[in-house]
Amino acid sequence: MTDHEFLKEYTFANGAHVQNRIVMAPMTTKASFYDGQVTNDEINYYRMRSGVGMIITGTANVDDGGKGFEGELSVADDRFIPGLRQVASAIKSKGSKAILQIFSAGRMTNSKILRGKQPYSASAVAALRPEAEEPRELTEAEIEQLIADFGQATRRAIEAGFDGVELHGANTYLLQQFFSPHSNRRDDKWGGSLEKRMAFPLAVIKEARKAIDQFGKDDFILGYRLSPEEIEEPGIRIEDTLKFVDVLADQPLDYLHVSMGSYKRTSLNNKDDHEMLNQKILKILAGRLPLLVVGSIARPEEADDALNQGASFAVLGRELIREPQWIDKVLSGDEDSIRYQLDKNEMDELAIPRGFQTSLLTEFKKAMNFKPIAD
Ligand SMILES: Cc1cc2nc3c(=O)[nH]c(=O)nc-3n(C[C@H](O)[C@H](O)[C@H](O)COP(=O)(O)O)c2cc1C
């Protein structure tokens, strides 16, 4: 039990001390109020999962126009700070670092969710998804405002007692939309070349760091999450991402988090290349930033494997929905009782909010690995 690599402590370069190397992945719980206020259901859900090294919350929108889902957390106004404070405190109850994930959905939302408003993006190009709405192009003044919004959101996270913020630059949302040649067709300083497509994410990192320098403690953690490839044409290719990673590694960040369905994934676009994407990224990072890897890690051996391959943290998503006591069971030598299937009848006991239960039973049904039940 004790020889698991992931049970080793970790200290970031800024001094932040983490009790183990298991991280809970950011996962939208769809359980916030209609306006983005935290609910008690969410607080209980996070409290039950404390004990891992860090818990990254479901994503929170930094401005009203950036809301991507119903039931999403908001950090767009100071009035959300008291509720967020309760989330941070629940996460920290058994020593986990509390990280607030912040974003804008950009074009990956719709006018229903935005109560009649048109979604915005880098350019007026709809996503290649069924029923995707065409967004409007952000003006330069609006881009500056959004950068400031990310800074304000970081300040609110600090005031709410979070230990860090993760900038959600993955999964096709706004930060990624600026980096992607599919969604960014601009020819001003925010687009046009690969370097200019990096300008918005880099400005957001700078602004978040400014807020931390002004309001945060020295060991406040700033992470960046990205998706390494897109399949759209044109779209982000791994070669573009490796250039971006090289630049990110020299930014005032504390970690990089690569979002994929499997931590062992190889290129989606170049099937002849058998090198794992995380290995390519680790080579470019060359120790400049710690790497968080995610994707289908469920068993203790898989978490160890991810770390043995060079990652600093193993991130678990769906498995920690199914098994809130994962780390406790490892620590107490009770690994055999770890749940790898979700029992529909246990979802209340596992403190899974009711609205989240519904979405797990429908849109995420296949992905969740439900226990077959006779009914
Ligand atoms: C229900 C659900 C909600 C998610 N919400 C978010 C989110 O808010 N932010 C994010 O970056 N990723 C989100 N993801 C992706 C996860 O963070 C993770 O990358 C993915 O589930 C793969 O990890 P796993 O195989 O351990 O589940 C979500 C995934 C699920 C299943």
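Visitor: At roughly what angle do the axes of α7 and α8 cross?
Guide: Heads-up: this is a predicted model, so local features need pLDDT of at least 70, side-chain atom pairs count only at pLDDT 80 or more, and totals for chains, interfaces and linings use all residues. Residues are numbered from 1 along each chain as its sequence is written, and side-chain values use heavy atoms, without hydrogens or water. Helices are DSSP runs (H or I, at least four residues; strands are E, at least two), numbered from the N terminus, and axes are lines fitted to C-alpha atoms, over the stretch in contact for helices, with angles of 0 to 180 degrees between N-to-C directions. The axes of α7 and α8 come within 9 Å, crossing at roughly 35°.

Visitor: How many residues in the contact of α7 with α8 are nonpolar?
Guide: On the α7 side you'll find I238, L242, V245 and D246, and α8 brings L277, K280, I281, I284 and L285 (contact: heavy atoms within 4.5 Å). No polar residues turn up and two are charged, while the nonpolar count is seven.

Visitor: What is the handedness of the crossing of α3 and α6?
Guide: Helix α3 (residues 140–159) packs on α6 (residues 199–215) with the axes 8 Å apart, at an angle of about 35°. In α3, I143, L146 and F150 are among the residues that meet α6, whose side includes F200, V204 and F215. By class, that contact has 13 nonpolar, two polar and two charged residues. The crossing itself (near helix turned clockwise from the far one by less than a right angle) is right-handed.

Visitor: Why is the orientation of α1 relative to α2 called parallel or antiparallel?
Guide: The axes of α1 (residues 40–48) and α2 (residues 81–91) come within 7 Å and cross at roughly 20°. Angles under 35 degrees count as roughly parallel and over 145 as roughly antiparallel, so α1 and α2 are roughly parallel.

Visitor: Which α1 residues meet α2?
Guide: The crossing of this pair, α1 and α2, is right-handed. From α2 come Q86, V87, A90 and I91, and from α1 come I43, Y46 and R47.

Visitor: Which backbone has a polar atom 2.8 Å from a ligand oxygen?
Guide: 18 residues surround the ligand (a heavy atom within 4 Å), and the closest are P26, T28, R225, S296 and R318. Turning to polar contacts (N or O pairs within 3.5 Å), a polar side-chain atom of N171 sits 3.3 Å from a ligand nitrogen. A polar backbone atom of T59 is 3.2 Å from a ligand oxygen. The 2.8 Å pair uses the backbone of G317.

Visitor: Where is the cis peptide bond with omega near -5°?
Guide: Most peptide bonds are trans. P234 lies in the loop between β11 (221–226) and α7 (238–248). The cis bond leads to this proline, running from E233 to P234.

Visitor: What is the phi of A286 near?
Guide: A286 sits in the loop between α8 (277–285) and β13 (291–294). Its phi is positive in a residue other than glycine, near 45°.

Definitions and conventions
Parallel < 35°, antiparallel > 145°, perpendicular 65-115°, else oblique. Polar contact = N/O pair within 3.5 Å; in protein donor to acceptor, adjacent residues only side chain to side chain. Nonpolar A, V, L, I, M, F, W, Y, C, P; charged D, E, K, R; others polar.
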